[in-house]
Amino acid sequence: MEDTHSIRTSAIDGRLYKVKDSPYWQLKFYHPSNRKRQRISLGSADLKMAKARAKAIIDDAAAKGVESISNHARRDSSMSIGRAIEHYLRVSKISSMHDNVNCMMRFLRCALETEDNEAIKGKPLSILTPALVAKYHQNYKGSPYSIRTNLASTRAVFAHSLEWEGFELPDNVYKFCKATTGMKAPVATFVRIAPEVLDQMEASSKAIGGSVRRAYLLTRYLGMTPTECAGCRKSWIEDREDRKVIVIIERPE
């Protein structure tokens, strides 16, 4: 054993230590009811976080008995959110993987009420539960659309089972991904532009002319997206019966 630290709470003395080839702190203490040694991995390499978790475990054992320790000895205790993110970024092939991770961290900062990214990454995957989704929904100060976006992107991290082969996810993650809080509420994403603003846009686009004017006409009167406007070509205009239309289809580059 190398570095060790003592902790005392609920009149019980505990000791934190590390074992060879493991970066995570371990907890050892004797429960007063049976005087048997109890050992458990704290699933964190950060001493401050490990002490906080050790205190919670000892307090729980003192209040509820030695049997409560099994609730903390989860199979995923050594699997942290940080390790899961590192694995996902290493194996994922989708272009939005960094955006998904950013949304996941945004979700966790809000739900856990902390801006400490490193502390969040050190937490075990066992915290990802439907209850945490409800907590996020309660804490978030923003539009329903943003709530749904962050939740959807967070779940996308765990969406492809093949990406998680060799990295066993705890059962609570699957329940977390199925939670519907904040996902089914109707969201009004359309905001009507005031007539005076449209008049100003009309005048400005005429004054600027060129591609700006064309883009304005395409978006306002044909409902085309910015991406569609950027790729639009004259050949997209086709004759349909007695009128001309713009046909938007997927074309080879």
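Biologist: At roughly what angle do the axes of helix H2 (residues 81–91) and H3 cross?

Modeller: In this predicted model, the axes of H2 and H3 cross at roughly 165 degrees and come within 10 Å.

Biologist: Why are H2 and H3 called roughly antiparallel?

Modeller: Angles over 145 degrees count as roughly antiparallel. The crossing of H2 and H3 is at roughly 165 degrees, and the two helices are therefore roughly antiparallel to each other. Their crossing is right-handed.

Biologist: Which residues of H2 meet residues of H3?

Modeller: Ile-81, Ile-85, Tyr-88 and Leu-89 are the residues in H2. Among the residues in H3 that they meet are Met-97, Val-101, Met-104 and Leu-108. Contact here means heavy atoms within 4.5 Å.

Biologist: How do you know that the span of helix H6 (residues 144–156) agrees with what is expected?

Modeller: The expected span is 1.5 Å times one less than the number of residues. For the 13 residues of H6 this should be 18 Å, and the end C-alpha atoms are 18 Å apart, so the two values agree.

Biologist: Which residues of H6 are buried, and what covers them?

Modeller: The buried residues of H6 are Ile-147, Asn-150, Leu-151, Ser-153, Thr-154 and Arg-155. A residue is called buried if its relative accessible area is under 20%. The cover over these residues includes helix H3 (97–112), helix H5 (130–139) and helix H7 (171–178).

Biologist: What makes strand S5 (residues 237–240) and S6 a pair?

Modeller: Two strands pair if there are at least two bridges between them. S5 and S6 have four bridges, in the antiparallel sense, so they satisfy this definition. One bridge partner is Arg-243 in S6, which stands with Arg-240. The two strands form a hairpin with two residues between them, and Glu-241 in the turn has a positive phi of about 60 degrees. Val-245 lies in strand S6 (residues 243–246) and touches Trp-236, Ile-237, Glu-238 and Arg-240.

Biologist: What makes S1 and S4 the edge strands of the open sheet?

Modeller: The sheet has four strands in the order S1-S2-S3-S4, with antiparallel pairing. Strand S1 (4–9) and strand S4 (37–41) each pair on one side only. Neighbouring strands of this sheet are turned by 25 degrees against each other on average, direction ignored.

Biologist: Which strands does helix H1 (residues 47–64) touch?

Modeller: H1 packs on the sheet and touches S1, S2, strand S3 (26–30) and S4. The direction of H1 makes about 40 degrees with that of S1.

Definitions and conventions: Residues numbered from 1 in each chain as written. Predicted model: local features only at pLDDT ≥ 70, side-chain atom pairs only at ≥ 80, totals over all residues. Heavy atoms only, no water. Axes fitted to C-alpha atoms, helices over the stretch in contact; angles between N-to-C directions. Buried < 20%, exposed > 50% of the residue type's maximum accessible area, 1.4 Å probe, protein only. Parallel < 35°, antiparallel > 145°, perpendicular 65-115°, else oblique. Left-handed = near helix turned anticlockwise from the far one by under 90°. Lists of a residue's contacts leave out its neighbours within four places in sequence.
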